[in-house]
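Please read the following explanation with the structure open beside it. The text goes through one chain and then turns to a metal site and a sheet in another.

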Amino acid sequence: MSEAIKAATLEYTTRLGDDSVVLGHRISEWISYGPFLEEDIAYGNVSLDYIGRARMFYTYAAELANDGRDEDDFAYMRNDREYRNLLLMEMPKGDFAYSQVRQLFADVYYTYLLPELLKSKDETLSAIAAKAIKETKYHLRRSRDWVLRLGDGTEESHKRTQKAVDALWGYTHELFDMDETEQLLADAGIGVDVSRLRDAWLAKVTEILTEATLTLPTEEWAVRGGRIGYHTENLGHMLTEMQIVHRSFPGCKW
Amino acid sequence: MTEIPLMPVEQYERLQLRSDEAVKDLWDLLDAVKDPEVPALSLWDLGVLRDIKRNGKQIVVTITPTYSGCPAMNAMAEDITQALNDAGFSDVEIKTSLAPAWSSEWMTQEGRRKLRNYGIAPPEDAELDEDGLTPDAHALCPHCSSRNTRRISEFGSTACKALFQCNDCNEPFDYFKKI
Ligand SMILES: [Zn+2]
């Protein structure tokens, strides 16, 4: 592996880990607040899947960095400006409709991203994708069911779901942005060219939103910056909560 | 013509590993290590235990996680180390292997029987739906063997299980998902 490719792979793996840990933590905020017991457990399960992915990405990132850091250092010892996650993942949990719509956008994204990552020439990235693909099928079935149920439900649930779609739409454009690092890896057959996933994502999301009697936003606005560390204020607050125990009691075990 | 029942190829390959004389005693020893979430199953039965190697005095054990976020993996690694330490092997390394991804096909026949006795329907006790996912009904009830059952929740007490309820005996039960 050339030095340039190695450095890019480290950056890329960290980004994928950041997306997973931030979304996983956000989902975990629903635990004990779910509308009923089974849903509470479902959120716990999905959250664990994402945190598990983050652990695999960070473990690999630590191996590539080879500077004495481990997976915990990646998760707990970096500040918001060092995080490289997509902004969609860090948006607050909002109401139930908001979280499910975000989940649908993410689940459809991974439905198309993971099979491409599976083809990666990097064996570890491919292996992580292989595990995650199976989980994402279950995640998508759930978020799709909820968006259909809420969108095509009561007047109130429809209103809130539409509001969530409109509020989150501007954060979805960033999902398909490429930069130099990702282009280098896509050309090398290691990373995924996400710009090519947009049409499939849009078609699938349109299909589900339409079935849910929801309207696709026409207003074009986009917020970007996650991949270069420019975040919304939400991430800092989230990390404060996520990192405090690890930072206050280094090496603590229980 | 009599049909000879075939063992899934994954299970045959796993059994071959066990037959290696150099590490046979270690496989037998680790049969005592159980899944912390489902104590009826050994790690061998579950399919998590992938390989054991002797490297001079060092023992290298390879495990594969069932699900990405399985919180029991750390406990499993510690239990394996403990069991080997107790048997006098002080130098133990646990490696985690991601590829190939764990599949419920790796679970032993014995393990499937133990699961059913424990009150959990094993993976083959339900037909997957057209999307290849857990169906919404008809998993075999481990209590009364009825097929008249329904899925209550896609996600059960752990990531590897879904929750069903039997319409005949009314008992709820876990179904170990096929992946
Ligand atoms: Zn029954």
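In this predicted model, 53% of the 254 residues of chain A count as buried. The surface that chain A does expose comes to about 11,300 Å², of which carbon and sulfur atoms supply 54%. The chain is built with 10 helices and 0 strands, so that its pattern, read along the sequence, is α-α-α-α-α-α-α-α-α-α. Taken along the principal axes, the C-alpha atoms of chain A fill a box of roughly 55 × 45 × 30 Å. A compact globule of 254 residues would be expected to have a radius of gyration near 18 Å, and because chain A has 18 Å, the value agrees with that expectation. Among the contacts in chain A with a separation of 6 or more, 80% are made by residues 24 or more positions apart.

A single residue can serve as an example of such packing. A:Ala8 belongs to helix H1 of chain A, which covers residues 3–28, and it counts as buried because its relative accessible area is 6%, where the cut-off for buried is under 20%. Leaving aside residues up to four places away in sequence, A:Ala8 touches A:Thr181, A:Leu184 and A:Leu185. A:Gln103, by contrast, is 95 residues from A:Ala8 in sequence and lies 28 Å from it in space, C-alpha to C-alpha.

We now turn to chain B and its metal site. The zinc ion has as its protein donors the SG atoms of B:Cys141, B:Cys144, B:Cys166 and B:Cys169, lying 2.3 Å from the ion. The 4 donor atoms subtend angles of 104 to 114 degrees around the zinc ion, and the arrangement is therefore tetrahedral. Along the chain, these donors follow the spacing C-x2-C-x21-C-x2-C. B:Cys141 lies in the loop between strand E4 (120–121) and strand E5 (149–153) of chain B, whereas B:Cys166 lies in strand E6 (residues 161–166), so this pair ties together parts that are 25 residues apart in sequence. B:Cys141 counts as buried because its relative accessibility is 1%, and B:Cys166 is likewise buried, with a relative accessible area of 0%.

Strand E6 leads from the zinc site into a sheet. This sheet of chain B is open and has 4 strands in the order E4-E7-E6-E5, with mixed pairing. E4 and E5 stand at its edges, and because each has a single partner strand, one side of each is left without a neighbour in the sheet. Strands of a sheet pair through backbone hydrogen bonds, in either the parallel or the antiparallel sense.

How do the strands of this sheet pair with E7(B)? E6(B) and E7(B), the latter covering residues 172–176, pair in the antiparallel sense over 5 bridges, while E4(B) and E7(B) pair in the parallel sense over 2 bridges. Within the antiparallel pair, B:Gln165 has B:Pro172 of E7(B) as its bridge partner, and B:Lys161 stands opposite B:Phe176 of E7(B). On the parallel side, the bridge partner of B:Ile120 in E7(B) is B:Asp174. E7(B) is mostly covered, since 4 of its 5 residues are buried. The hairpin of E6(B) and E7(B) has 5 residues between the strands, and there B:Asn170 takes a positive phi near 70 degrees.

Key
Residues are numbered from 1 along each chain as its sequence is written. Chains are lettered from A and ligands numbered from 1 in the order in which they are written. This is a predicted model: local features need pLDDT of at least 70, side-chain atom pairs count only at pLDDT 80 or more; totals for chains, interfaces and linings use all residues. Side-chain values use heavy atoms; hydrogens and water are left out. Donors are N, O and S atoms within 2.8 Å of the metal (3.2 Å for Na, K and Ca); water is not among the atoms, so sites may look incomplete. Four donors count as tetrahedral if all angles lie between 85 and 135 degrees; four count as square planar and six as octahedral if opposite donors are over 155 degrees apart and all others between 65 and 115; anything else is irregular. Buried means under 20% relative accessible area, exposed over 50%, partly exposed in between (1.4 Å probe, protein chains only). Two strands pair if DSSP finds at least two bridges between them. The radius of gyration is taken over C-alpha atoms; the globule rule is 2.2 Å times the number of residues to the power 0.38. Contact means heavy atoms within 4.5 Å. Accessible areas come from the Shrake-Rupley method with a 1.4 Å probe; for residues, only the protein chains shown count as cover.
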